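Here's a quick tour of how some helices sit against each other, plus a look at a pocket. Have the model open and follow along.

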Amino acid sequence: FAQLAVGILGVLAVTNEYSSGMIRATLTAVPGRLPVLWAKTALFSAVTFATMTAAALIGFLAGGSVLAGKHLPLSLSDPAMLRAVLGAGLYLAVIGLLGVALGFLLRSSAGAIASVVGILMLLPLLGTLLGSWFKDHVSPYLPNNAGSAIMTTHQAANTLHPWTGFTVMCAWAALALAAAAYALVRRD
């Protein structure tokens, strides 16, 4: 559920300015428009990465202490564990970028939030309902499935390798940001 919270916060970081009319003041102060997009994405992704990486580390340490009591020790020195903890922060930062991009693109809180929920929750569910070919060949490339590969410690069948999946997720966010940049320059 953290991905939904971060995606929705990304949307609200942008659409609150549109709904209150404050975007006019922002775009008057920065007539080039694109620096507004880049500043919001940089700030939001940096804060999200730091916060979510800290939360993932706390969760890892808390879970590790419970598992150590059951004689199942986990170590952060294991490269897969370190990648999973840092990957959680990276993945959620990119989800936040996706939310910011959809906020700029749609300028509507309800529409952008519905899009975030649809992309993160409904597309993977739809992938399981459309049959094995879709599940095997398309579903691994959906944003949620591709991006979450970086947080796995063991690769399952029909999933992307961790860094490949994260790269695919970044490509989805880059595509959304490019569309948002185009809309911001052309429309606003």
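## α1 against α4

Helix α1 passes α4 in a right-handed crossing. Keep in mind that this is a predicted model. The α1 helix covers residues 2-20, and it packs on α4 at an angle of about 35 degrees, with the two axes 7 Å apart.

Want to click through the contact? On the α1 side, pick out A2, Q3, V6, G7, G10, V11, V14, T15 and Y18; on the α4 side, Y91, L92, I95, G96, G99, V100, G103 and F104. Sorted by class, that contact has 10 nonpolar and 7 polar residues, with no charged ones.

## α4 against α5

Next up is the pairing of α4 (residues 79-106) with α5 (residues 109-129): the angle here is about 140 degrees and the axes lie 9 Å apart. Angles over 145 degrees would count as roughly antiparallel, so α4 and α5 are oblique to each other. The crossing of α4 past α5 is right-handed.

From α4, the contact takes in I95, L98, G99, L102, G103 and L106, and from α5 it takes in G111, A112, S115, V116, I119 and L120. Split by class, these residues come to 8 nonpolar and 4 polar, and no charged residue takes part.

## The largest pocket

How big is the largest pocket? Its volume is about 210 Å³. The pocket is lined by 15 residues, and those closest to its centre are N145, S148, N158, T159 and L160.

As for the chemistry of the lining, 8 residues are polar, 6 are nonpolar and 1 is charged.

Technical notes. Residues numbered from 1 in each chain as written. Predicted model: local features only at pLDDT ≥ 70, side-chain atom pairs only at ≥ 80, totals over all residues. Heavy atoms only, no water. Axes fitted to C-alpha atoms, helices over the stretch in contact; angles between N-to-C directions. Helix = DSSP H or I, 4+ residues; strand = E, 2+ residues; numbered from the N terminus. Parallel < 35°, antiparallel > 145°, perpendicular 65-115°, else oblique. Left-handed = near helix turned anticlockwise from the far one by under 90°. Contact = heavy atoms within 4.5 Å. Nonpolar A, V, L, I, M, F, W, Y, C, P; charged D, E, K, R; others polar. 1 Å grid on protein atoms, 1.4 Å probe; cavity = no way out; pocket = protein on both sides within 12 Å on 5 of 7 lines; lining within 4 Å. Points joined across faces, edges and corners; volume = space filled by probe spheres on them.
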